[in-house]
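I opened this notebook page to record two look-ups, one on a pocket and one on a pair of packed helices.

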Amino acid sequence: MPGPLSGLSIVELGGLGPSAFATMLMADLGADVIRIDRARAAHGGVEAAAEPRFDLLNRGKRSLALDLKKPEAVEIVLRLVERADALTDPFRPGVAERLGLGPDVCLARNPGLVYARMTGWGQEGPLSATAGHDINYLALTGALHGIGSAGGPPQIPVNYVGDFGGGATYLVIGLLAALRESAGSGTGQVVDAAIVDGVSHLLSSTHAMYAGGMWQDRRGVNVLDGGAPFYSVYECADGGYVAVGAGEGKFYAELLRRLGLDDDPRQQLDESRWPDLRRRMAEVFATRTRDEWASEFEQTDCCVTPVLGLTEAADHPHIRSRRSLRRRDGVLQAGTAPRFSGSEPHEPTPPPLPGQHTHDILASLGLDAGRLVETGVVSAGPAPQDPTKEQR
């Protein structure tokens with residue numbers, strides 16, 4: 001069955017991280033995504049990872065490899081734009097304009113186009129032209145300050161929060177919202193998705209608790225940041241860990257009962273009692289292994305779960321039953337999300353080799369792929385491998 005975004009056409013200017021993840025998500029849901037990869041005409045090939053099958057952020061897409069320094073290559077992109085619903089731009093402000101693919105040019109060719117831009121700092125502001133990474137955007141929004149143990153340094157949450165939470169997710173939201181508006185008005189627009197904006201938006205609940213006096217602007221001392229003993233991580237006898245999230249009173253009371261702790265659950269929020277309670281809880285959890293505790297709390301409402309590694313997670317009965325994670329072509333990867341009752345999408349196709357679909361895409365535009373390959377405007381596949389090198 002085709003996915004809910006079947007029939008949607010997106011041109012992706014190839015980039016890393018959040019932009020690639022956003023278009024992967026939309027391809028997962030049925031959109032036809034044509035990724036513009038970078039050709040290296042001098043070598044007769046394209047820039048490609050040694051193992052494209054590992055490039056999971058490009059699964060489900062088609063790849064066209066172009067040398068965008070050549071005007072004829074830019075014109076090919078604009079031909080695609082004419083019949084696309086959206087284009088995604090992952091570059092710093094001004095780069096797409098210098099390539100001849102800025103929003104003014106693209107919207108002139110297709111007035112209904114949604115032109116979605118993904119950056120860290122946004123299209124304007126004092127830092128908009130400077131480099132940055134996930135950690136920098138988290139630092140400036142206040143998010144990084146709030147992650148870590150009391151008295152310790154801020155801890156880096158990989159790049160889940162910035163690149164993918166505040167970046168890619170908000171790019172998808174912006175795309176879908178603008179596409180809905182364009183479907184009614186016939187007029188496209190530019191979406192400015194900035195990681196600093198998205199992360200700031202993700203902090204809305206924290207801002208609300210801070211305003212209401214329920215959150216301190218210090219890490220490791222609050223209910224949801226590990227400060228509370230009933231919302232924390234504990235080491236077990238075998239060196240494994242369990243995550244405890246018994247925030248509600250009835251869950252907390254059951255947790256105390258199962259741990260054999262004689263403590264009044266009505267005093268759960270009395271912070272003066274937290275240090276002693278944490279010590280006692282740590283002592284109890286240290287008496288059994290992680291998996292023993294997991295078995296003890298399974299099918300209960302105590303909100304206690306084992307802390308699993310990536311490969312362990314794939315084999316957990318719940319994750320396995322929902323196919324949230326799966327192995328395909330020998331690569332562990334996520335299933336599609338979310339789920340739909342009436343338009344569940346097909347299994348995503350594997351990540352393409354850069355330039356893999358060059359001939360097909362050019363043929364659909366009525367262009368001579370052979371001539372364009374000869375002139376270095378496009379590449380039909382990865383650079384030839386050196387036969388003297390050992391094949392893996």
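Before listing any lining, I fixed the term: a pocket is an open set of grid points with protein on both sides within 12 Å along at least five of seven lines, and a lining residue has an atom within 4 Å of a point. I also noted that I am working with a predicted model.

**Entry 1, the pocket.** I looked up the largest pocket and found a volume of about 1,200 Å³. I then listed its lining, which comprises 48 residues, and noted that Gly 14, Gly 15, Leu 16, Pro 90 and Phe 91 lie nearest the centre of the pocket. Sorting by element, I found that helix 1 (18-28), strand 2 (32-40), helix 3 (95-99), strand 6 (114-119) and helix 5 each give two or more residues to this lining, and that strand 2 provides the largest share, with five residues. By class, I recorded 26 nonpolar, twelve polar and ten charged residues in the lining of the largest pocket.

**Entry 2, the helix pair.** As helix 5 had appeared in the lining of the largest pocket, I followed it to its packing with helix 7. I read an angle of about 50° between helix 5 (residues 134-141) and helix 7 (residues 195-202), with their axes 9 Å apart; helix 5 is therefore oblique to helix 7. I noted the crossing of helix 5 past helix 7 as right-handed. On the helix 5 side I listed Tyr 137, Leu 138 and Thr 141, which meet Ile 195, Val 196, Val 199 and Ser 200 of helix 7. By class, this contact has five nonpolar and two polar residues, and I found no charged residue in it.

Conventions:
Residues numbered from 1 in each chain as written. Predicted model: local features only at pLDDT ≥ 70, side-chain atom pairs only at ≥ 80, totals over all residues. Heavy atoms only, no water. Axes fitted to C-alpha atoms, helices over the stretch in contact; angles between N-to-C directions. Helix = DSSP H or I, 4+ residues; strand = E, 2+ residues; numbered from the N terminus. Parallel < 35°, antiparallel > 145°, perpendicular 65-115°, else oblique. Left-handed = near helix turned anticlockwise from the far one by under 90°. Contact = heavy atoms within 4.5 Å. Nonpolar A, V, L, I, M, F, W, Y, C, P; charged D, E, K, R; others polar. 1 Å grid on protein atoms, 1.4 Å probe; cavity = no way out; pocket = protein on both sides within 12 Å on 5 of 7 lines; lining within 4 Å. Points joined across faces, edges and corners; volume = space filled by probe spheres on them.
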